[in-house]
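Subject: Structure handover

Hello,

Here is the structure I promised to pass on. Please open it first, then read the notes below it.

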Amino acid sequence: MPKKGTITKVIFDKPERTSSKIVIKSINYTCTCTKKGIKSPDKDDYVKLITTKRFRNIQNTGLLHNTKIAVTENDDIKNIFTGRNLSVLDEILDIIHHYDPEYQDILKYILMSILHLCKITDKHSNSQWPLWIPKSDCVEKNILDVYTRKIKNFYHVIPFMKENYAASKIVESYKLLSPGKCLLMQKGSQFITEEDIPNNGVDLIITDPPYLDQVC
């Protein structure tokens with residue numbers, strides 16, 4: 001009897017960014033019969049990889065031309081995602097919308113944090129250009145694997161956050177913060193005032209310069 005497997009990643013070439021023509025090199029998978037397996041592609045694999053279902057949540061997929069961040073003329077978000085992964089992202093958003101509103105923001109935030117891993121990427125997933133994709137050895141990752149791992153990691157860090165962080169909006173006095181605690185302010189740095197910072201409350205300031213055009 002045939003066994004079902006779960007695709008972990010697909011390696012393929014995509015010579016032209018705006019074309020749907022690809023060449024699948026290998027399909028990595030796991031199943032009950034083996035922890036790691038590799039299969040050659042068949043016709044169905046090509047169809048599933050490039051097919052985009054009708055969106056219910058994703059809109060305005062066109063990109064503004066900007067060569068600084070590898071966006072070509074008349075470019076589209078569909079060019080940097082496989083059809084399958086873009087469809088999965090849309091379905092995940094649909095599922096999130098059925099959750100209690102209390103949890104929707106955090107689920108969307110976690111999803112947003114993995115978008116660079118959900119698009120077509122290279123084997124190391126380390127491109128500094130979020131809208132760039134390679135022409136050879138492209139990688140399509142299993143979004144559900146990436147997303148569930150991220151959710152689990154977030155869940156495991158909650159006890160640490162409760163112990164070491166205090167939200168400014170629920171702390172009436174900074175004196176309530178015990179030694180070693182961190183104050184989490186949910187506001188932009190441009191809105192922080194002297195009144196927000198307790199005396200002797202800062203030991204070190206680390207800044208990260210903005211990426212300007214790369215912010216998307």
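Start with Asp137. Its relative accessibility is 26%, so Asp137 counts as partly exposed. Partly exposed covers the range between the buried limit of 20% and the exposed limit of 50%. Asp137 sits in the loop that runs from α4 (115-118) to β4. Its phi is near 50 degrees, a positive value in a residue that is not glycine. Most residues other than glycine have a negative phi.

Asn60 is another case to look at. Asn60 is not a glycine either, yet its phi is positive, at about 50 degrees. Find Asn60 in the loop between α1 and α2. Its relative accessible area is 74%, so Asn60 is exposed.

One caution before going on. This is a predicted model.

The whole protein

How many helices and strands does the protein have? There are five helices and six strands. From the N terminus, their order is β-β-β-α-α-α-α-β-α-β-β. The protein has 216 residues, and 31% of them count as buried. Its accessible surface is about 15,800 Å². Carbon and sulfur atoms hold 55% of that surface. Now take the contacts with a separation of 6 or more. Residues 24 or more positions apart make 54% of them.

The sheet

Four strands make an open sheet. Their order is β3-β2-β1-β4, and the pairing is antiparallel. Which strands stand at the edges? They are β3 and β4 (138-141). Each has a single partner strand, so one side of each has no neighbour in the sheet. On average, neighbouring strands of this sheet are turned by 20 degrees against each other, direction ignored.

Strands of a sheet pair through backbone hydrogen bonds. Here are the pairs in detail.

- β1 and β2: this antiparallel pair has eight bridges. One bridge joins Asp13 to Val23 in β2.
- β2 and β3: β2 covers residues 23-31 and β3 covers residues 34-39. They pair in the antiparallel sense over four bridges. The hairpin from β2 to β3 passes through two residues.

Three positions help you find your way along the β2 and β3 pair. Ile27 stands opposite Lys39 in β3. Asn28 stands opposite Ile38 in β3. Tyr29 has Gly37 in β3 as its bridge partner. In a regular strand, side chains alternate between the two faces of the sheet.

A helix lies across this sheet. Helix α1 covers residues 43-50. It lies across β1 (5-13), β2, β3 and β4. Its direction is about 95 degrees to β2.

The loop after α1

Go next to Lys53, in the loop between α1 and α2 (83-96). Is Lys53 buried or exposed? Lys53 is exposed, because its relative accessible area is 53% and the exposed class starts over 50%. Which residues does Lys53 touch, not counting those up to four places away in sequence? They are Ser87 and Glu91. Compare the sequence with the space here. Lys53 and Asp90 are 37 residues apart in sequence. Their C-alpha atoms are 8.9 Å apart in space.

A nonpolar patch

Last, look at the surface after β6. Ile192, Ile197, Val202 and Ile205 make a nonpolar surface patch there, of about 340 Å². Ile197 lies in the segment after β6 (182-184). How exposed is Ile197, and why does that matter for the patch? Its relative accessible area is 31%, so Ile197 is partly exposed. Patch residues need over 30% relative accessible area, so Ile197 meets that cut-off.

To find your way in, try this route. Begin with the order of the strands, β3-β2-β1-β4. Then find α1 lying across them. From there, follow the loop to Lys53 and Asn60. Finish at the patch that includes Ile197.

Best wishes

Definitions and conventions: Residues numbered from 1 in each chain as written. Predicted model: local features only at pLDDT ≥ 70, side-chain atom pairs only at ≥ 80, totals over all residues. Heavy atoms only, no water. Patch = residues over 30% accessible without salt bridge, like charges linked within 9 Å, V, L, I, M, F, W, Y side chains within 5 Å. Areas by Shrake-Rupley, 256 points an atom, 1.4 Å probe, with all protein chains shown as cover. Salt bridge = Lys/Arg side-chain N within 4 Å of Asp/Glu carboxyl O. Buried < 20%, exposed > 50% of the residue type's maximum accessible area, 1.4 Å probe, protein only. Pairing = 2+ DSSP bridges. Axes fitted to C-alpha atoms, helices over the stretch in contact; angles between N-to-C directions. Contact = heavy atoms within 4.5 Å.
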